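Colleague: Can we go through the cysteines and then the surface?

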Amino acid sequence: MKLATTTGDFTSFQRRLDTYSGVGESLVLLKECGFKYIDLNFCGTTDKDGPIATDGWREWAMDLKKTAERLGLVFVQAHSTDAVAEKGEKRDLLTEYIRREIEVCHILGIPGIVVHGLFIKDSSRDDFIKLNVEFYSDLLETARKFDVCIYTENTCKKNCPCYYIFDAGDFHLLDAALGKPDHFGMCLDVGHAYIEGVDIYDMIQELGDRLLAVHIHDNIGADYHMQPFSGKLNFDAVVKGLVDAKFKGYFTLEALSIPTPASLLGRRKLEKNGIVYNKLNDLPMEFKLRSERLMHDIAVYMLKAYDCYEE
């Protein structure tokens with residue numbers, strides 16, 4: 001397996017520190033930390049004046065492609081922004097943004113994009129299936145046009161009790177309702193599976209060849225997307241499971257290497273006698289880079305331990 005990570009490793013970090021200057025700079029930093037294969041996270045690109053929300057989105061994609069080629073990086077996966085369940089102007093706009101992101105994947109040669117399903121609070125499983133058959137069927141027209149796969153993703157009841165993809169059986173129900181289409185498959189988020197309490201090894205086997213992507217991170221029962229070996233997840237179950245299932249995708253990290261910005265976790269400032277002490281609320285980029293390099297090396301070690309690492 002080849003190791004990949006998300007541009008969100010740095011775009012989310014910089015955005016939290018108000019130092020964000022675009023995906024291109026994140027590519028430079030990922031290259032510096034040893035990564036070659038890249039998961040493009042579209043989070044933030046649909047904000048006001050973001051590249052996907054402007055008329056120059058195709059030009060932005062071409063510039064990104066040139067930057068990656070110059071750095072010797074390869075885009076292999078993507079993660080879309082989210083749509084909303086309620087029909088109307090907002091859903092139409094956000095769905096159009098996802099269509100643009102699918103086309104960007106085509107421009108960059110990305111084979112597949114994770115698109116979260118839609119859900120409505122307090123709805124039933126049948127409601128969820130019906131809603132997402134409609135949603136994904138619509139997007140699959142664009143996916144086929146640009147030869148880009150859509151990967152749905154599992155979650156856990158603790159995160160989202162009405163998003164009914166908690167295990168392999170749930171995915172197969174949705175997949176069957178869609179007619180097991182081409183250009184559609186599953187992204188297994190191992191951290192979400194851990195929180196849900198499913199057997200990750202068995203889930204990988206049960207997904208079979210419909211498992212097309214993974215999100216790798218650790219946790220201690222809360223969805224903080226911690227770097228591997230900072231939580232409780234059994235990674236033998238993950239890597240051995242992928243090897244036994246003959247998984248053909250990328251071993252894609254979706255983990256927050258430390259330090260984590262204060263605004264993400266809600267870390268409070270110290271205030272005494274009207275004076276704010278804030279020297280240690282956030283750490284500089286230098287420490288983030290060291291941690292990111294370590295996360296890269298740990299992931300390489302994980303794959304080499306099972307003789308499945310590919311350059």
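Modeller: A disulfide here is a pair of cysteine sulfur atoms within 2.5 Å. This is a predicted model, where local features need pLDDT of at least 70, side-chain atom pairs count only at pLDDT 80 or more, and totals for chains, interfaces and linings use all residues. Residues are numbered from 1 along each chain as its sequence is written, and side-chain values use heavy atoms, with hydrogens and water left out.

Colleague: How many disulfides by that rule?

Modeller: Zero.

Colleague: Why no bond for Cys149?

Modeller: Its closest cysteine sulfur is in Cys105, 11 Å away, so that is too far for a bond. Cys162 is in no disulfide either; the nearest cysteine sulfur, in Cys160, sits 6.7 Å off.

Colleague: Is Cys162 buried or exposed?

Modeller: Cys162 is buried, at 8% relative accessible area. Buried means under 20%, exposed over 50%, partly exposed in between (1.4 Å probe, protein chains only).

Colleague: Switching to the surface. Which residues form the negative patch?

Modeller: Asp167, Asp199, Asp202 and Glu206. Patch residues have over 30% relative accessible area and no salt bridge; like charges are joined within 9 Å, nonpolar side chains (Val, Leu, Ile, Met, Phe, Trp, Tyr) within 5 Å. A salt bridge is a Lys or Arg side-chain nitrogen within 4 Å of an Asp or Glu carboxyl oxygen.

Colleague: Where is Asp199?

Modeller: In the loop between α7 (190-196) and α8 (200-207). Asp199 is partly exposed, at 43%.

Colleague: And what makes the nonpolar patch?

Modeller: Tyr224, Leu264 and Leu265, covering about 270 Å². Leu264 lies in helix α10 (residues 262-265) and is partly exposed at 33%.

Key:
Accessible areas come from the Shrake-Rupley method with a 1.4 Å probe; for residues, only the protein chains shown count as cover. Lys and Arg count as positive and Asp and Glu as negative; His and the chain ends are not counted. The place of a charge is taken as NZ of Lys, CZ of Arg, CG of Asp or CD of Glu. Helices (H or I, at least four residues) and strands (E, at least two) are DSSP runs, numbered from the N terminus.
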